[in-house]
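Reader: Hi! I am new to reading protein models, and I would like a close look at one part, with the rest of the picture around it.

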Amino acid sequence: MMRRLPRSVAALGSAVLTAGAALVASPPSAAGAQPVPARDLWSFPIGAVLEPAALAGGAGAALWNPAAFALAPDERVRFSVATLATGAAQGVEGQALATAVRRASGVTVGVSLARATVAGLVRTETDPQALGDVPYASLLGSVTVARPLLPHLTGGLAVRWREGRADREIRHAIAADLGVVADFPQLRGTRLALSSFLWRPGREEDDRPAVVGALETRVAGARDERALRAGFARHGVVRGGGEQGPFLAARIDVLEVRAALLRSRDAGQVLQRVRSGVALHYARYVVGVAREEGAVGLGPLYQFTLSTLVR
């Protein structure tokens, strides 16, 4: 089993496959090198390929920033689903499902369930004949509460239960995350978001929580339905690497187009890749399709999202 997690998402592909190969060759006890196995799978941007993680909506908000999970005053219920897959024989798959309800008090309460797994890892012994699949997967369940704290400032709290499985070893952990989203209507609709991810107080060295942040503003257009927005996003991991870079979002009525250029560093090597996608806003539905240029050893990554609102 691998002794440490990947230093960046760009290097995660080869690290995941190396981990799988080590699992095949090692006894189950070797998986104890990680407090909870498969933590590295949560470096993949499930629900957050189209948007920065700190500002992602729908199922992405349920995963990354509990404050972004909050519903607007004219929204009552939201259902969201996201699915992600890499285009390789030994690739990563992820799914997320979330629902949120806004109460009369202005508090949004929601639950979500997400899953990430590596497909195509096979067990072998002294000869190359496959002896079955090697499970390498993780489940993440969250209960989220978000509410306005001040005018134009929203805070959120998520309590998370995580299960990790590596071959025959299964372990569990509880985490709690805090997030905020600040809006500045007078500054061209600028938004600033910040959140922790998988924070286990006192276990930061072992479990490596992440911090996600983003800043965006409207650079053209008078309203969000017809505007060009630009910003900068950052995703950092304790004792690990991270990714950061600028992004653009252009919306004309029902059609929204997004693109981001991300940069990360691993073992002294600077890596760059592009995320891009489109979203269709129709009545109470939002459908999104996004793509990321392949991480090392994995090929392109694709994401599909769907959200629906009840007002």
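Reader: Which side chain meets Asp167 in a salt bridge, and how many Å lie between N and O?

Author: Happy to help! First, this is a predicted model: local features need pLDDT of at least 70, side-chain atom pairs count only at pLDDT 80 or more, and totals for chains, interfaces and linings use all residues. Residues are numbered from 1 along each chain as its sequence is written, and side-chain values use heavy atoms, with hydrogens and water left out.

Now to your pair. The side chain of Asp167 meets that of Arg168 in a salt bridge, at 3.7 Å from N to O. The term stands for a side-chain nitrogen of Lys or Arg within 4 Å of a carboxyl oxygen of Asp or Glu. In general, side chains of opposite charge can pair when their charged atoms come close. Asp167 has a relative accessible area of 3% and is therefore buried, while Arg168 counts as exposed because its relative accessibility is 57%. Here, buried means under 20% relative accessible area, exposed means over 50%, and partly exposed lies in between (1.4 Å probe, protein chains only).

Next along the chain, a salt bridge joins the side chains of Glu169 and Arg171, with 2.4 Å from N to O. Glu169 is buried at 12% relative accessible area, and Arg171 is partly exposed at 31%. A further salt bridge links Glu225 with Arg223, whose closest N and O atoms are 3.7 Å apart. Glu225 is partly exposed at 34%, and Arg223 is partly exposed at 42%. There is also a network of salt bridges that links Arg191, Glu216, Arg218, Asp224 and Arg229. The structure holds 16 salt bridges.

Let us step back to the chain. It has 3 helices and 14 strands, which are DSSP runs numbered from the N terminus (helices: H or I, at least four residues; strands: E, at least two). Of its 311 residues, 50% are buried. Thr144, in strand β4 (residues 136-150), is buried, with a relative accessible area of 1%. Leaving aside residues up to four places away in sequence, Thr144 touches Ala62, Pro66, Phe69, Thr108, Val109, Gly110, Leu157 and Ala158; contact means heavy atoms within 4.5 Å.

There is 1 aromatic pair. Trp64 and Phe197 form this tilted pair, 4.4 Å centre to centre with 40 degrees between the planes. Trp64 belongs to helix α2 (residues 59-64) and Phe197 to strand β7 (residues 190-197), so the pair links distant parts of the chain, 133 residues apart. By the rule, rings of Phe, Tyr and Trp (its six-membered ring) pair if their centres lie within 6.5 Å; planes under 30 degrees apart count as stacked, over 60 as edge-to-face and the rest as tilted. Both Trp64 and Phe197 are buried.

Finally, look at the surface. A nonpolar patch there has about 1000 Å² of accessible area together, and its residues include Val81, Leu97, Val278 and Phe304. Patches are made of residues with over 30% relative accessible area and no salt bridge: like charges are joined within 9 Å, nonpolar side chains (Val, Leu, Ile, Met, Phe, Trp, Tyr) within 5 Å. Accessible areas come from the Shrake-Rupley method with a 1.4 Å probe; for residues, only the protein chains shown count as cover. Strand β12 gives the largest share of the patch, 3 residues. Val278 is found in β12 and is partly exposed at 40%.
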